[in-house]
Amino acid sequence: MDFQLNAEQHMWQEAVHDFCQTELKPRAARTDAEAKLPLDVIKKMAPLGLLALPVAEADGGPGLDTISAAIAIEEIGRACGSTALSVAAHNGLCVSPLVAFGSTEQKAKYLPALMSGNTLGALALTEPGAGSDLAGGVQTTAVDEGDAWVINGSKAWITNPSLAPLIITLCRTDRAAGTHGFSLIIVETNRPGLTISPPEKKMGLKGSPTHMLTFDHVHVPCENLLGEAGQGLQQTLSTLDGGRIGIGAMAVGLAQAALDEAIRYAKERQTFGQPIAQHQAIQHMLADMSTEIEAARLLVYRAAWVKDQRANFGKEAAMAKLFASEAAERAAFKAIQIHGGYGYSAEFPVERIYRDQRLLTIGEGTSEILRTVIARRVLGASPT
Ligand SMILES: Cc1cc2nc3c(=O)[nH]c(=O)nc-3n(C[C@H](O)[C@H](O)[C@H](O)COP(=O)(O)OP(=O)(O)OC[C@H]3O[C@@H](n4cnc5c(N)ncnc54)[C@H](O)[C@@H]3O)c2cc1C
């Protein structure tokens, strides 16, 4: 086994790290306070390839492996949670399914705008009455009227639609066909009948725009179907498997940021005549944070590696996202503890990191659902 990044991955990590620490990190507090993404910095991400992480060179992308893509999201998360969520959703939830299931024409039509830095993509699965249980709960319908799909329904908690040229939308296209009765349809955001509600007011990740959508007889041409009709749920589950590596990587980045801040503070703050870093209780917290972050990172990179082997990586991605998101929660908790009262103040980054990481055990599969996914795979693999 080789636990080292290869030379290309190492160079990529350094380049993304430097960009994020210089451009994003100094803006993170403002991004949160103003609840606005730093769109000028996102524009600068385009030439680096950060907005085309899953895109092959032949399609105008950087042609990265999945470990490099995870490294990018980790470094963005280490600098700014809000930007990491929007960029992770753009790459993992919109660009990825377009690359995986889109026709040559669809890729040529939509990828340039998505990779330009002027827009971010969105995927709309969740509805007011359906999150974990998409198969049972999705009510949004798309009816084939010959030359167009006509879409009616609503979606909730969707990342990026106000910045997106298109929203890939999960619709029921054949109620009688059960789990084969769903389709993913590309809906351009300028289609009449589509309403993007004002952004949700959230606990954290405030710069990342989250919206409710309503579709009132939205007509889109038949060629906007992504892949085959009836495959939408299967395409969604496979997209979420990949997205979970991204959210796991984001969790590692946020946890690492919490550790960075905790170490810095522990060396500065003095109590009882010495820096608090000299107290064993503080050292143990730093040791636990550091160990769990390393374990989380290894799980994320391993899931990415399994994906690149073109093997089934659903269990590995679920384990990586489950462990990394819960490790980020513990790391952010301890980082605040190490800061004492100052950790509770918005003046210190750990307060924002604590709020930002909280989403990660919920979005793209809650911890409970991920445990179910993993248990099913473990039980299925058991000889008895
Ligand atoms: C900031 C933010 C951004 C988001 N971005 C997007 C996006 O871009 N696109 C998108 O489609 N969605 C998005 N979501 C939605 C997110 O994916 C859902 O919130 C998530 O999947 C959980 O669904 P739910 O909120 O409906 O919770 P529910 O499914 O109602 O779950 C509620 C609780 O019940 C538990 N539960 C449910 N079923 C079971 C079960 N079988 N066994 C045990 N426990 C169970 C859950 O784990 C959870 O604890 C976003 C959400 C947020 C907050």
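These legends go with a set of close-ups of a predicted model of a protein chain with its ligand.

**View 1. The whole chain, before we zoom in.** The protein chain folds into 12 helices and 10 strands. Its radius of gyration is 21 Å, close to the 21 Å that the globule rule gives for 384 residues, so the chain is as compact as a globular protein of that length. If you're setting up a box, the C-alpha trace spans about 80 × 55 × 40 Å along its principal axes.

**View 2. Where the ligand sits.** The ligand is found in the largest pocket. Three elements each hand two or more residues to the shell around it: β1 (122-124), β3 (148-159) and α12 (367-381). Of these, β3 chips in the most, with three residues.

**View 3. Who's in the shell.** Count the residues surrounding the ligand and you get 18, with T126, S132, W157, T366 and E368 the closest. By type, the shell splits into eight nonpolar, seven polar and three charged residues.

**View 4. Polar contacts made by ligand oxygens.** One contact goes through a side chain: a polar atom of E368 lies 2.6 Å from an oxygen atom of the ligand. Another goes through the backbone, where an N or O atom of G131 is 3.4 Å from a ligand oxygen.

**View 5. A ligand nitrogen at W157, and how much gets covered.** Here a polar backbone atom of W157 lies 2.8 Å from a nitrogen atom of the ligand. As for the ligand's surface, on its own it exposes 970 Å², and the protein buries 62% of that.

Methods
Residues numbered from 1 in each chain as written. Predicted model: local features only at pLDDT ≥ 70, side-chain atom pairs only at ≥ 80, totals over all residues. Heavy atoms only, no water. Near = heavy atom within 4 Å. Polar contact = N/O pair within 3.5 Å; in protein donor to acceptor, adjacent residues only side chain to side chain. Areas by Shrake-Rupley, 256 points an atom, 1.4 Å probe, with all protein chains shown as cover. 1 Å grid on protein atoms, 1.4 Å probe; cavity = no way out; pocket = protein on both sides within 12 Å on 5 of 7 lines; lining within 4 Å. Sits in = over half its atoms within 2 Å of the grid points. Helix = DSSP H or I, 4+ residues; strand = E, 2+ residues; numbered from the N terminus. Nonpolar A, V, L, I, M, F, W, Y, C, P; charged D, E, K, R; others polar. Rg over C-alpha atoms; globule rule 2.2 N^0.38 Å.
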